[in-house]
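Trainee: Could you take me through a close look at one loop position, and then set that position in the context of the rest of the chain? I would like the reasoning spelled out wherever a classification is made.

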Amino acid sequence: MCAAREGRCGRRQRALLCCVLVAAWEAARGQLRYSVSEELPKGSFVGDVAKDLPLDLAAFGAGGARVVSQGRTQYFALHASSGHLVTAERIDREQLCENVQQCVLRCELIVENDMKVYAIEVEITDINDNTPSFQKTELELRMNEMVAPGTRFSLRRAHDPDLGVNSLQSYALSGDEHFSLSVQAGADGEKRPELVLAKALDREEAAFHELLLRASDGGDPARTGTARIRVAVLDANDNAPAFSQAVYTVRVPEDVPVGSTLLRVTATDPDDGTNGDVKYSFEEISEKASRAFQLETDTGAIRLLRSLDFEEVDFYEFRVQSQDGGALSDSARVSISVTDVNDNAPEISVRSALSEISEDAAPGTVVALLHVQDRDSGANGEVRCSLGEGVPFRLERALDDYYSVVTARELDRERASEYNVTVRAADGGSPALRSGAVLALRVLDVNDNAPVFAEARYSARLPENNAEGALVLTVRAWDADWGQNARVRYRLREGRLRGAPLSSYVSVQAETGALYALRSFDYEEVREVELWVRAEDGGAPPLSSNVSVRLLIADENDNAPQVLYPPAAPGPGPGPGSGAGVGAWGSASGAWSWAGVELAPRSAEPGALVAKVVAVDADAGQNAWLSYELAKATEPGLFRVGLHSGEVRTARSPLARDAARHSLVVVVKDRGRPALSATATLTVVLAESVAELLSELGSAAAPAEPAGSLTRWLVLAVAAVSCLFLAFLLLLLALRLRRWRRSRLLPPPSAGAALRGVPASHFVGIDGVRAFLRSYSHDVSLTADSRKSQLRCAGGSCCDTLPARPPPDEAAPLRGEDAAAHRAAEPDGLPVSAATAAAPGFLPPFSLLAHLSLSLFTLFPITFPLSSLCIRTDVCCSRPSFTVLFLSLLDSISHWVPRPPIFSCVQVIIM
């Protein structure tokens, strides 16, 4: 048993090896063979062509390969991405290969890039997709009641176009005991059903018999077709018709005219009357044959209904039946062979062709792939091909019916820029039939000429402030080549201008060479642009040449004069600025105005220089020449302006009746067309000193504010300070009580030693609390910004300050002991902060109160005008806290008072 199993395994391996070798041999010969079942859906896999040849998948992409079939219908297609051969249509084997045991479809694979062709054969295998069918599903037979049992009657065969086990396999009969079924095998292997009379008929007993004939194939699952048979019992007819021969054979050419009688079948019946009257009919015929032939019922003549085509169907076979009036019949087979006639000229199909070729192509380059076919057979289908004379091409056989047109020598475009190659084909018939095809081929030029510019150097002038996209100039270049090699494109060479790419300033139109300005040029920024334009043809590799282009920017009067003095205000507004002496505003015409404040003494002589207006113009040439003139003055004739210098001078001496404040408007113009201008406004104050100047300006610019708001805030401030002062007194009282209580418990041994020798008149006591009495003299200068306020304590108007506490090892001197020595050591005046530091035991509580009052004014801001405040108070106070508190109040208020146009002077003297 083991030996038998090993023998079977060895046979399988040898069979598989043979299949592989056969496939490899076919692939080596350039021919592939596949097998696929019929009725597969569109797109079904047939074979891997790329793997079996083998070929690179890159050769299949972008139309590089395609499949071509010889018939009108393309049954196969090629997937370019995978290289698989797939079905392009649903294939019906019975329709394509009727009555053919092996159905093979042939196609060719054409590789465009390599100009190669490969033959592919696909065998279509049969499946059980057809049910056995009878030509007539309702049959009627007439039988004489005298027919003896055992008599056989021929029945119409069922037709199943499938092959092998899928074809018709068996018949079965049911319905009546008088009949049975007998199946006979013919010489061609076909099964013929016969109805056998099993029991004698009796018309008087039954005039009709109903039977059911079933035909089954051998498929899995099996398919079954049925036909109903109706048997009518007649009176006796003892002779059946008989054909003169069992098989009728005829050969006819395919060009036989329609309507011709191809043959005549005859049958005889020795009976008389209706029993001897024979009628002819088709017993079994295919659909194609029924459309091509007609059988005359009375004569048995077979006529042609349509033209025959050997290339489509070359053989027909069917069965005819003769039947007499007594329903006895006979059958015969008819075979018609169609012979070929040279009625088809050779067909030339251009499978792949080049429309153009480079003149430097090497000899032997394939320019076209042709398929030549003649549908005739034998000598009528033999084709000979040739090319016209005088062309540099030749024909080479590629595969069976394929030819390649290749170059025979090098081409020269200057001698011939195109060719019309005529391919001729003739068959071997008599007379021979011919056909031809023309291939149009254009010779391409080789890029061997660089573009040439019309000028060696280009230059152009461009006014500044040009419109964006304005045309500057156009460069031109020509190329002597042809086609794409002569197509010139222009572009800028890389460069930078003022730190930016040159392409952001200008651009060149690639097709026309027009140079455009991408932005508006400013002569004050760029006066000249040097650039290079490259002309490049469309060859591969491209050839190019360069040309220099120079752009000169022409100046225009686009900049108004700019006044440097008087300087401009921080921001433009509808009127003069609120600064200490400078302002600026804009005008509807686009010019700017500057303002300033100048001082002129009333005692000035005629021609005295008051001020000078300084202006510049960013333009060049005549556009930058400036002139000055006095456009407006408060007092005409008092001042004049130099035409070219801009100096403002007095035209006459100021008079007592002249106003103290004068406004002058000076216009600065350039000489451009149109001229542009700017204005400068000067405020001239006739005063002898700066203080008088500030007083004049301050009184004119002091803003007004409702008094109600000021009064409300002052009341709130006084109330807050009073509350803080009361709280401070309560705190001092509490501290004093605490100290007094501690002194009662532990009295100090040397209490009052530090004040020994000080006169009692220098102290004032309240509830036992002593405070040092002294007078203060302060000079306070306040502005709207308290950070610029000044406080100075004058030493001449106040008594000596209390010296710092001496070290522990020294006795603190009193003022009565050595007042002169201490006065000589102290400075003339100290700031409040210095005085506070000099008496740490005395002033810190009041300094604390000052900071508290400052914090209060921070929470409740007070805003009121303070243009000029002069306060003189003579106060003799026993507590200096009032002075520090008042100064702190003034300092706090100054943080929140807006800056007045002039400084305010405040002198506070407290004696």
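Mentor: E410 lies in the loop between β31 (residues 402-407) and β32 (residues 418-427), in what is a predicted model. The relative accessibility of E410 is 63%, so this residue counts as exposed, the cut-off being over 50%. A partner for orientation is S358: the two residues are 52 residues apart along the chain, and their C-alpha atoms are separated by 9.9 Å.

The strand β32 leads on to another loop that deserves attention. P431 is placed in the loop between β32 and β33 (434-444), and the peptide bond that joins S430 to P431 is cis, with omega near 0 degrees. A second cis bond is that from R673 to P674, again with omega near 0 degrees. P674 belongs to the loop between β53 (661-670) and β54 (677-686).

Loops hold two backbone features of another kind. N465, in the loop between β35 and β36, is not a glycine, yet has a positive phi of about 60 degrees. Its relative accessibility is 40%, so N465 counts as partly exposed. R498 is likewise a residue other than glycine with a positive phi, here near 55 degrees. The loop that holds R498 runs between β39 (496-497) and β40 (500-501). With a relative accessible area of 53%, R498 is exposed, because the class begins over 50%.

The strands that flank N465 lead into the interior. Both β35 (457-463) and β36 (470-474) are among the elements that give two or more residues to the largest nonpolar core of the protein. That core has 30 residues, of which L531, V549 and L551 touch the most other members. The other elements giving two or more residues to this core are β38 (489-492), β41 (506-508), β42 (514-517), β43 (528-536) and β44 (544-554). V549 illustrates the packing: leaving aside residues up to four places away in sequence, V549 touches Y458, L473, V475, L515, V529, E530, L531 and V533. Apart from this core lies another, of 29 residues, among them L262, F310, V320 and I336. As a general point, nonpolar side chains in soluble globular proteins tend to be buried together.

Where do the cysteines stand, buried or exposed? C97 and C103 are both buried. These two residues form a disulfide in which the sulfur atoms are 2.0 Å apart; the cut-off for such a pair is within 2.5 Å, and the count by this rule comes to 1 disulfide. The torsion about the S-S bond of C97 and C103 is about 50 degrees, so the disulfide is right-handed. C107 has a relative accessible area of 0% and is therefore buried. C723, in contrast, has a relative accessibility of 54% and so counts as exposed.

Towards the N terminus, a small set of strands can be followed in detail. An open sheet is formed by 3 strands in the order β2-β5-β4, with antiparallel pairing. Its edge strands are β2 (45-48) and β4 (76-78), each of which pairs on one side only. From one strand to the next, the twist averages 25 degrees. Within this sheet, β4 pairs with β5 (residues 84-87) in the antiparallel sense over 3 bridges. Here A77 stands opposite V86 of β5. In general, strands of a sheet pair through backbone hydrogen bonds, in either a parallel or an antiparallel arrangement.

The loop at E410 can finally be viewed against the whole. The protein has 10 helices and 59 strands. Of its 911 residues, 39% count as buried. Among contacts in the protein with a separation of 6 or more, 68% are between residues 24 or more positions apart. The protein exposes about 49,800 Å², of which carbon and sulfur atoms supply 53%.

Conventions
Residues are numbered from 1 along each chain as its sequence is written. This is a predicted model: local features need pLDDT of at least 70, side-chain atom pairs count only at pLDDT 80 or more; totals for chains, interfaces and linings use all residues. Side-chain values use heavy atoms; hydrogens and water are left out. Buried means under 20% relative accessible area, exposed over 50%, partly exposed in between (1.4 Å probe, protein chains only). Two strands pair if DSSP finds at least two bridges between them. Helices (H or I, at least four residues) and strands (E, at least two) are DSSP runs, numbered from the N terminus. Axes are lines fitted to C-alpha atoms, for helices over the stretch in contact, and angles run from 0 to 180 degrees between N-to-C directions. A nonpolar core is a set of buried Ala, Val, Leu, Ile, Met, Phe, Trp, Tyr and Cys residues joined through side-chain atoms within 4.5 Å. Contact means heavy atoms within 4.5 Å. Accessible areas come from the Shrake-Rupley method with a 1.4 Å probe; for residues, only the protein chains shown count as cover.
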